[in-house]
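Hi,

Here is the structure I said I would pass on. Have a look, and my notes follow underneath.

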Amino acid sequence: MKKICLCFQIHQPYRLRRYRFFDIGNSHYYTDDYLNEEVFERIADACYIPANHMLLELLKAYPDFRVSFSISGLALEQMEYYKPALIDSFKELAATGRVEFVAETYAHSVASLYDPVEFRNQVRMQQTKLRELFGIERSRVFCNSELIYSDEIASEVAAMGYEGIVTEGAKHVLGWKSPNYLYAAATEPRTKLLLRNAPLSELVTNHFTNYGSPEYPVTADKLLGRVKWLPEGEDFTLLYMNYEVLGAMHRRESGIFEFFKALPLLAPDYGVGFATPSELLDEHKAIAPLTVASPISWAGEEKSTNEWNGNILQQGALEKLRQWGERVHALEDRSLLQDWLYLQSADHFYYMNTINWGGHPFSPYNSPYDAFNNYMNVLSDLLLRVEEQAPSSIETEELNSYQQTIHAQDERIAALEAEIRQLKGAKGKA
């Protein structure tokens, strides 16, 4: 039986407010709360809430149905703040035992491209969030932001103990090979690679409401038929897409919900089932190593990372993050760390990209240069706050030493206070 591995990405950034040059040093509040709430609630009402309700019904009705999610920590934060009922609905999905939550970076960042320490910290943070909310002790599979992957990233992920990685089935990497197999990371043979089938995923994401497309109309029968007739030996295919395909990218009136409802209903007629990423790891062996020397992603025709680090604007902003990361974390200032985390989101750098710029549909800016200027104004203010607490004249190693001394003093004070309370209690009893 052929299997479909259906995986959805969920992420919402904290968009920045209009932050002007004269705000630097005078205002330390960076996010546009009105815009963030408006966007989140609109997408939650159109997509997240009805889609979760539909998936729960499908999981109850069809024992073979499976689905998985890659959810950023920032999206989970906003669910807790704006729509707490959404967290409850994901808990209901998790309780079925047939929904897998894979690991990713907390801020949906591109930190894997410039700061391995930041990258590891964010993965641990997202896993902690999943554990707190859904009782998931540890994900077995990792899915990087925007499916970014390379041999070097594979080594980092393997060192964190993940068994599998979801990434793009890029043509220039695969060559004649098919994405519908399990592969092994070239640098870490024990780490398995699950590759997105781009044509089948984009059949839904790009063509469902594209009336001029030769693929229109896209029906459940058409998708299931293509899965059924995959060549012999290609026993599964991974469909990875943005969750907003349900109700936001394609409006409910388009029939997108009916399309997904029909998949598990009609699947048995085509000899097609469903599986989670972890189930595929258990059921299949890697057929060959896959070498990816330069980072790939799921974006554009090139499947490169150019949409986040391809021009001098993006590279300059990312270099600032790389240079200051260690110093920011050494301070352990919660407010600074939170703002620093929000600035890591891949979205901020996507808004700066000049590739086919014609007004990015999700960008709140008039141009990539507008996005860059606003971001750098915010970052400049944040770095001034860092400088106030830890002047550049102090080396990072020295700063770390100070922090360790402070920690030791805090622990000693806490121990002495506990001893005083104990002595007072003993004196009172006497």
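Helices α8 and α9 sit oblique to each other. This is a predicted model, by the way, so please read everything below in that light. The angle between α8 (residues 220-228) and α9 (residues 256-266) is about 45°, and their axes are 9 Å apart. That falls outside both the under-35 range for roughly parallel and the 65 to 115 range for roughly perpendicular, which is why the pair counts as oblique. The crossing of α8 past α9 is right-handed.

As for who meets whom, α8 brings A220, D221, L223 and L224, while α9 offers F259, A262, L263 and L266. By class, that contact has 7 nonpolar residues, no polar ones and 1 charged.

There is another helix pair to look at, α2 (residues 73-82) with α3 (residues 84-95). Their packing angle is about 120°, with 5 Å between the axes. These two are therefore oblique as well. On the α2 side you will find L76, M79, E80 and Y82, and they meet P84, L86, I87 and F90 of α3. The residues here again split into 7 nonpolar, no polar and 1 charged.

Now the cores. In soluble globular proteins, nonpolar side chains tend to be buried together. In this model the largest nonpolar core takes in 59 residues, and the ones with the most contacts inside it are F8, F69, F90, Y243, L246, F259 and F260. Helix α1 (residues 33-61) supplies the largest share of this core, with 12 residues. A second core, separate from that one, has 56 residues, including V292, W308, Y365 and L382.

Two names in that list of best-connected residues tie back to the helix pairs: F90 is on the α3 side of the α2 contact, and F259 is on the α9 side of the α8 contact. F8 is worth a click too. Leaving out residues up to four places away in sequence, F8 touches V67, S68, F69 and S70, then M241, N242, Y243, V245 and L246, and also F260.

Next, a proline inside a helix: P50 belongs to α1. P50 has a relative accessible area of 15%, under the 20% cut-off, so it counts as buried. Beyond its neighbours within four places in sequence, P50 is in contact with A44, D45, R252 and F257. In sequence P50 and F257 are 207 residues apart, yet their C-alpha atoms are 9.0 Å apart in space.

Finally, some backbone oddities. Most residues other than glycine have a negative phi, and most peptide bonds are trans. Against that background, which residues does a cis peptide bond join? They are Y216 and P217, with omega at about 0°. You will find P217 in the loop between α7 (198-205) and α8.

The positive phi values to check are at E146 and L147. E146 is not a glycine, but its phi is positive at about 55°. L147, also a residue other than glycine, has a positive phi near 60°. E146 is placed in the loop between β4 (141-143) and α5 (151-159), and L147 lies in the loop between β4 and α5 too. Buried or exposed, then, for E146? E146 counts as buried, because its relative accessibility is 13%. L147 is buried as well, at 0%.

Cheers

Definitions and conventions
Residues numbered from 1 in each chain as written. Predicted model: local features only at pLDDT ≥ 70, side-chain atom pairs only at ≥ 80, totals over all residues. Heavy atoms only, no water. Core = buried A, V, L, I, M, F, W, Y, C linked by side-chain atoms within 4.5 Å. Buried < 20%, exposed > 50% of the residue type's maximum accessible area, 1.4 Å probe, protein only. Helix = DSSP H or I, 4+ residues; strand = E, 2+ residues; numbered from the N terminus. Contact = heavy atoms within 4.5 Å. Axes fitted to C-alpha atoms, helices over the stretch in contact; angles between N-to-C directions. Parallel < 35°, antiparallel > 145°, perpendicular 65-115°, else oblique. Left-handed = near helix turned anticlockwise from the far one by under 90°. Nonpolar A, V, L, I, M, F, W, Y, C, P; charged D, E, K, R; others polar.
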